[in-house]
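Let's take a walk through this structure together, one part at a time. Keep the 3D view open as you read, so that you can find each element as it comes up.

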Amino acid sequence: MTDTAAPISQPKAPAGWLGRLEGSAWWIVLGLAGLLLPLLEDSYIGVIAQRAYIYWVLSAGLNLVVGYAGQIAIGWVSMLTLGAYTTAALAAGRVGPEWHPFLALAAGGVMGAVAGVVVGLPALRLRTFYFAMTTLGFSTIVTQVALAWKDVTGGGVGTPGPVFPWPFDPGWGFYYFCFFLAALATWMTANIGASRYGRALVAIRDAEVAAEASGVSKARLLILVFMLAGALGGVAGGLFASLQSYITPDAFTFEMSVLFFIAILIGGRGSILGPALATIILTALPEFAAPLVQWSTFLYATLLLVIVLVIPGGIADLLDFRNRRPLEKHREIVTRPELLARVLDRHSEKNTLSMTGIELHFGGVRAIDGLDLEVRSGEVHGLIGPNGSGKTTALNVLSGYYKPHAGEARLNGAVLPFLEAHTRADRRIARTFQTPRIVGGASVLDNVMIGGTIFGQATFSETLLSLPRHRRDEAHLREAALLALATVGLEQLAAVRADRLQHSELRFMEIARALMLRPAFLMLDEPAAGLSAEEIRRLGALIVAISRSGTGVLLIEHHADLIFDICDRVTVLNLGKKLAAGTPAEIRSHREVVSAYLGA
Amino acid sequence: MPISGREPLLQVSGLSAGYGKIGVLNGIDLTVGKGEIVALLGPNGAGKSTLLKAVSGLLPRTGKVTFAGRDMSTTSPRDAVNAGLVHVVEGHRVFTQLTVHENVMLAGYGMARRELAGRVEEALAFFPEIAEKRNDRAVTLSGGQQQMLAVTQGLVRHPKLLMLDEPSAGLSPVLVDRVLAAAARLRDAGTAVLLVEQLIEKALNLADRVYALARGTIVLEATTDEPDLPNRLEHAYFGQDVSAPLA
Amino acid sequence: MFQSIVSYGLAVGAVYALIGITYNVMYSASRVFSFTAGMLGMLGGVLGALFIHKWGMNAVLGFVLVLGCGALMGLVTEILTVRPVLKSIEQHLYVLSTLAFALMIQQVTAIEWGTEAQPFPVLIPIETGTVSAWLDQKFLLPLLACAVTIAGLEYLYRRTLIGRAFLAIAEDSYAARALGLPETRLRLASYAIAGIIGTLAGFTGAQMLLAYFGNQAILSFYGFVPVALGGMGSNRGAVIGGLALGLFQQAANFLVGGIFAAVAVFAVFIVVLLIRPEGLAGAATARRV
């Protein structure tokens, strides 16, 4: 990146100094209320508050799984059960010698982390329902084991919970212990939520293929998050056992899972404050409405149904006033290709990206039937053909989503593995999608920052604790994303929720996200679809500028005029086969092409 | 503007449709007369398939659709089928786990048993190649055979109007002629056909009238006996009379 | 001991298989896995005990009424929890809506019926078990129900046009709609059938499992394991998987204890999901980007 200081108008910070205070005001109020609560000298309220803190320790982790990653973990109460019994059994000396309560609590956390990963494994490759069922099944199993394994759990009779020593002894000492852990859980999960990890989680939820194309390894990331959420659940369990002072399997009802879950849904996906407030309210509510206690699970379930059917975005969406402000009506996308020198690395070396002999069929239908294709640095390579001729399929093979039945793809002679889409980003191969794959609920800036995920250096634990390397990562990504947005002409919209953009703007946003990779190769799937004539002209100029700075571009497009205008070479597909290849001039006069593509 | 001399069967006016936020069609006006073949042409992505889906009710739409004197602006695909407006969707989407015969039977779901059996045989007779494989599961058919099967399904109900979406896609030239010949036979039997086709030459040979669609609007309407049609079509495709000229 | 492992194992396995088929029937019509399958099984037992034991209804009448309630529950499930979220099926909201509905019914049951397991009446007034322990009706009824159900479904899917319409909608609901198939009505019918099968499972299995609200969670999970083993949508797979699960569980219970049985079932479930997510008998489907 050079330092030629072309002015880039910074977007008005969505949360300036005042805005940040506005955002943290609730936290300050909550924190003060928590610290000062013991002044009430009301131990009943104290117990309710402790229970709310304990629930939140679990829900804070679960929030990353459910609210951020969108994984439907409905049986997370099992982590609470597991942590509670581990802590209680170890502290009481039911397994070997008596452990110190703090060590036992830590062991509960470790058990939770292990269980979190085991339960999460199906989520790594399977559809949502399987994961939901696994968590549900696990909670059923854990309860059955707790009932049957009498030596350790006391069976139906139960076992005493651990008692923590001074200064965290039962009463207000333990209260502050729970309060502190809840605050810690909040801080850590908020750090993750606001980092590239958090953005990648949301991207997995809303735009999985785009996340993979940006180099996000879904499996690795989810395992880390399941581990964290399991550990927090286990610790919460240990605390819960201590608060209950005596635990039986009945104490861990499935309705608690529902409470955790709807607290997150009500609070809003991708928020932390919302679920925290909802957890507190839902924990306290039945206590103050005694007649409701019996019906509380029914009411929670009804609430869940109503939320899902009426406001799937949660109440946070309803209260999102900032994104109600009308956007300017007649917006114009003014691209600034001159900024590309700062966005892209100068690739002076000659790279080639190629496919040879690719064959792929779906059932009896041949999608690609022996295709060779080569894209070189600094060139725009057009790929055209009628509907169903295999253009997008070819791109999906090249970017690693499909495994062809024959043939191979190479980058500078080195074989590219198939079915590992997330490895393309490391090789600086970026792409966009025919239907823009975006995180609608996140800001345009956040969406673009996802594209730079692979440049982050901080580890998950560094991010968890907000260490300096994490903060540097964030600053760099933000700066690069603003630059990329300025290049495609969207910097004014950086703070706007992406789902409020027009379709044409989303196409440019996807290009900005792809540019974040500083790609050696950029593959564009119908970038001009839905654009006005003027926008197409600017898009064309931008694509040419990208290629001239050394990036190889593969362009799938239906707009024949754009193709013939800007491409250096064109390949024409028909029925999964190469029909012709050559310069635009050669293609235009190719008789077969004219009949297959132009139809005449 | 050429006006079809025949009694109108399908009348579409001010039709708009799209996918979610993406508007594809903008105020389409179109007419198909009884027993005529109308070709709907246009470059990829122009909205041809979207138009057929909007007419049959597979996509939500705004605007007015009248078919056989009935207002069909808000009806379901099932109502359309029952009224005699049958849509063979693109991409030979047959049911691969069922046999050929079962696939064709389903096209007449709800008809009386005996009548259905006759109709199925009659439809299968159009494509002997398919009829031969009546007891094979559709997954064993090639792409072209699946396409013929899809067209066969469209024939079972003796539609007043058959909408064919790219029936030639994936077919060898010989089979293309066979499928299009079936359309001609239908016309002779009084059925109107609205045909989306990429092979312009073949479409123009077959059709009575033609519409060209580009960027979601009708840019050309003509009868196929008008002179210089291929050239005018190419102009309409590349939008020379609509937006910036080619470099 | 061998006799009780086999007879009890097969009988419980038949109940699991029927719940698995309930999942499948709903899935086939809508691509939705509905958590109401376990609820239907629970209701079959509770309503049966209520009608026949508490209210003293004739057993046949009670049986028919229970199945009627099951069909009704199926219809309500479709209208209330599935249809509204089908448009955005990729968001998987159905997981939550069906779970919420199942929990609501479970809670009403817990409050109105009680949280204690209650006995289920002996249906056939002759003491069949006296002839041979193998022929005890509480073991025979679930197996019989399973056989009748699978035969009925095979007939429906293989021999009738309406059955093929179900299969067509399961494979490609868009193309089915374009052909003019009454998609909504067929889906409703599927859910009603699923309701009948689910309550049938609970009703015939209740002499073993009792009329207990807690059966819902157990049947939800153990009824899904056969689906995971046999491949989603495959009813034969569910029967084989269900019977195998029942036998395995009983054998493990007797030989090495309940803890191991529970953990082992869960471990097998996870391992099968990870290694062969399409089920032991299913075929892999290609991913679409």
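## The open sheet

In this predicted model, chain A holds an open sheet of 6 strands, arranged in the order β8-β9-β10-β5-β11-β12 with mixed pairing. At the edges you will find β8 (429-431) and β12 (577-582) of chain A; each has a single partner strand, so one side of each is left without a neighbour in the sheet. From one strand to the next, the twist averages 15 degrees.

For a closer look, try strand β9 (residues 521-525) and strand β10 (residues 552-556) of chain A, which pair in the parallel sense over 5 bridges. Within this pair, Leu522(A) stands opposite Val553(A) in β10(A).

## A helix on the sheet

Which helix packs on the sheet? Look for α16 (residues 391-398) of chain A, which touches β5 (380-384), β8, β9, β10 and β11 (569-574) of chain A. The direction of helix α16 makes about 150 degrees with that of β9(A).

## Domains of chain A

Stepping back to the whole chain, the domain assignment of chain A gives domain 1 (57-252), domain 2 (261-317), domain 3 (353-428 + 521-600) and domain 4 (439-518). Taken over C-alpha atoms, the centres of domain 1 and domain 2 of chain A are separated by 20 Å.

Where these two domains of chain A meet, domain 1 gives 12 residues to the contact and domain 2 gives 10 residues. On the domain 1 side, the elements that give two or more residues are α2 (43-68) and α7 (172-193) of chain A. The largest share of that side, 6 residues, comes from α2(A). By class, the domain 1 side that touches domain 2 of chain A divides into 6 nonpolar residues, 6 polar residues and no charged ones.

## Where chain A meets chain C

Now bring the neighbouring chain into view. How many residues does each chain put into the contact between chain A and chain C? Chain A contributes 38 residues, and chain C contributes 33 residues.

On the side of chain A that touches chain C, at least two residues each are supplied by α4 (101-125), α5 (128-148), α11 (254-267) and α13 (296-310) of chain A. Helix α5(A) provides the largest share of this side, with 14 residues. If you colour the side of chain A that touches chain C by residue class, you will find 28 nonpolar, 9 polar and 1 charged residues.

Note on methods: Residues numbered from 1 in each chain as written. Chains lettered and ligands numbered in written order. Predicted model: local features only at pLDDT ≥ 70, side-chain atom pairs only at ≥ 80, totals over all residues. Contact = placed C-beta atoms within 7 Å. Helix = DSSP H or I, 4+ residues; strand = E, 2+ residues; numbered from the N terminus. Nonpolar A, V, L, I, M, F, W, Y, C, P; charged D, E, K, R; others polar. Domains from an automatic or database assignment. Pairing = 2+ DSSP bridges. Axes fitted to C-alpha atoms, helices over the stretch in contact; angles between N-to-C directions.
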